[in-house]
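Here is a short report on one protein chain. It covers strands, cores, a helix and charged pairs.

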Amino acid sequence: MIDGDGFRPNVGIILSNADRRLFWGRRVGQNAWQFPQGGIRSDETPLEAMYRELEEEVGLMPTHVTVLGCTRGWLRYRLPKRFIRRHCGPICIGQKQVWYMLRVDCGEGAFCLDRSEKPEFDAWRWVRYWYPVQDVVYFKRRVYERALQELAPLLYPEGPPEMDVLTPQIHQQAARGYLRQRRR
C-alpha cells in the first residue's frame, strides 16, 4: 500500500522500561539497529498495525504494554535513491509513520524475537533516550529525532534529558551493556 506521493504507511514503536531506557533491536544478520516498525495493511488502523508488529517483531502482547501516546500525524523519511525499487510499481520513495511510545509492563522474559516466520531482530538491549538518533541508519535519523522530541514529554514531564553528542569512544561506551540474544 503506497500513497499518491509514493510513501508507504508505517508504524514505529518506541518501547520504554521503568528506567526510561529504550528498546534497541539489531536487525537479523546485520550490524544495523533500529526501533520496531512495520507497514500498515489496508484493512487495519495504525493502532492495530502497531499491536501486530509488536507481537511479530518483539513477541509482546497488548497486555504486556501500556500505550503512552503517539505522534500527532505522519512523520516521513525518504529512501536514498539506491534503495528505491523502480522495476515494480507503484514506486515507494519512503515511509510515512505514526510513532507510538509504549511502557513495558512485563519482565524481559516475555520478549521473544522469533515469534514470526521471518524475524526482524536477532538481539536487543536497553539504551539511553537519545542514543538511537545517532546509531540508526543515516536516512532515518531525522524522523527518529522528530519522534523522540514529540514523544519525550510522555516519559519526561519534567523535560527530556539533553541530547548527547557522542564521540566514537563515548558511542562505544553508550552501546555497551547486556545484549539479549534471540531465543532459539
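Buried means under 20% relative accessible area, and exposed means over 50%. The model is predicted.

**Strand S6 and its partner**

Strand S6 covers residues 75-78, and its side chains alternate. Leu75 and Tyr77 point to one face and are buried. Arg76 and Arg78 point to the other face and are not buried. In a regular strand, side chains alternate between the two faces of the sheet.

S6 runs antiparallel to strand S7, residues 94-104, and 4 bridges join the two. Across from Arg76 stands Lys96 in S7.

**Strand S1**

S1 is mostly covered, with 9 of its 10 residues buried. It pairs with S7 in the parallel sense over 10 bridges. Ser16 has Arg103 in S7 as its bridge partner. S1 also runs antiparallel to S4, joined by 3 bridges. Here Asn10 stands opposite Gly39 in S4.

**The nonpolar cores**

Which residues have the most contacts inside the largest nonpolar core? They are Ile14, Trp99 and Tyr129, in a core of 24 residues. Strands S2 (22-27), S6 and S7 each supply at least two residues of this core, as do helices H2 (131-135) and H3 (141-155). The largest share, 7 residues, comes from H3. Apart from this core lies another, of 21 residues. Ile40, Ala49, Met50 and Val98 are among its members.

Trp99 deserves its own entry. Beyond its neighbours within four places in sequence, Trp99 is in contact with Gly12, Ile13 and Ile14, among others. Its contacts also include Phe35, Gly69, Cys70, Thr71 and Leu75. Val143, Tyr144, Ala147 and Leu151 are on the list too.

**Helix H1**

Helix H1 has 13 residues, 46-58. At 1.5 Å a residue, H1 should span 18 Å; its end C-alpha atoms are 17 Å apart, which agrees. Its buried residues are Ala49, Met50, Arg52, Glu53, Leu54, Glu57 and Val58. The cover over them includes strands S1 (7-16), S2, S4 (37-39), S5 (65-70), S7 and S8 (121-127). Gly59 follows H1, with a positive phi near 80 degrees.

**Salt bridges**

How many salt bridges does the structure hold? There are 12. Side chains of opposite charge can pair when their charged atoms come close. Three of the pairs are tabulated here.

| Pair | Closest N to O distance |
|---|---|
| Glu56 and Arg52 | 3.4 Å |
| Arg103 and Asp105 | 2.8 Å |
| Arg142 and Glu145 | 3.7 Å |

Glu56 and Arg52 both lie in H1, 4 residues apart, about one turn of the helix. Glu56 is partly exposed because its relative accessible area is 28%. Arg52 has 15% relative accessibility, so Arg52 counts as buried. Both residues belong to a network of salt bridges that also links Arg41, Glu44 and Glu53.

Arg103 has 36% relative accessibility, so Arg103 counts as partly exposed. Asp105 has 40%, so Asp105 counts as partly exposed.

Arg142 and Glu145 are 3 residues apart in helix H3, so about one helical turn separates them. Arg142 counts as partly exposed because its relative accessibility is 49%.

**A buried lysine without a salt bridge**

Lys140 sits in the loop between H2 and H3. Is Lys140 buried or exposed? Lys140 is buried, yet has no salt bridge. Its nearest side chain of opposite charge is Glu120, 6.9 Å away. A salt bridge needs nitrogen and oxygen within 4 Å. Leaving aside its neighbours within four places in sequence, Lys140 is in contact with Gln34, Gln37 and Tyr77. Tyr77 is also one of the buried residues of S6.

**Thr66 in strand S5**

Thr66 lies in strand S5. Thr66 has 27% relative accessibility, so Thr66 counts as partly exposed. Not counting residues up to four places away in sequence, Thr66 touches Met101, Leu102, Arg103 and Asp105. Arg103 and Asp105 are also salt-bridge partners. Thr66 and Asp19 are 47 residues apart in sequence. In space they are 15 Å apart, C-alpha to C-alpha.

Notes
Residues numbered from 1 in each chain as written. Predicted model: local features only at pLDDT ≥ 70, side-chain atom pairs only at ≥ 80, totals over all residues. Heavy atoms only, no water. Buried < 20%, exposed > 50% of the residue type's maximum accessible area, 1.4 Å probe, protein only. Pairing = 2+ DSSP bridges. Core = buried A, V, L, I, M, F, W, Y, C linked by side-chain atoms within 4.5 Å. Contact = heavy atoms within 4.5 Å. Lys, Arg positive; Asp, Glu negative; His and termini not counted. Expected span 1.5 Å × (residues − 1).
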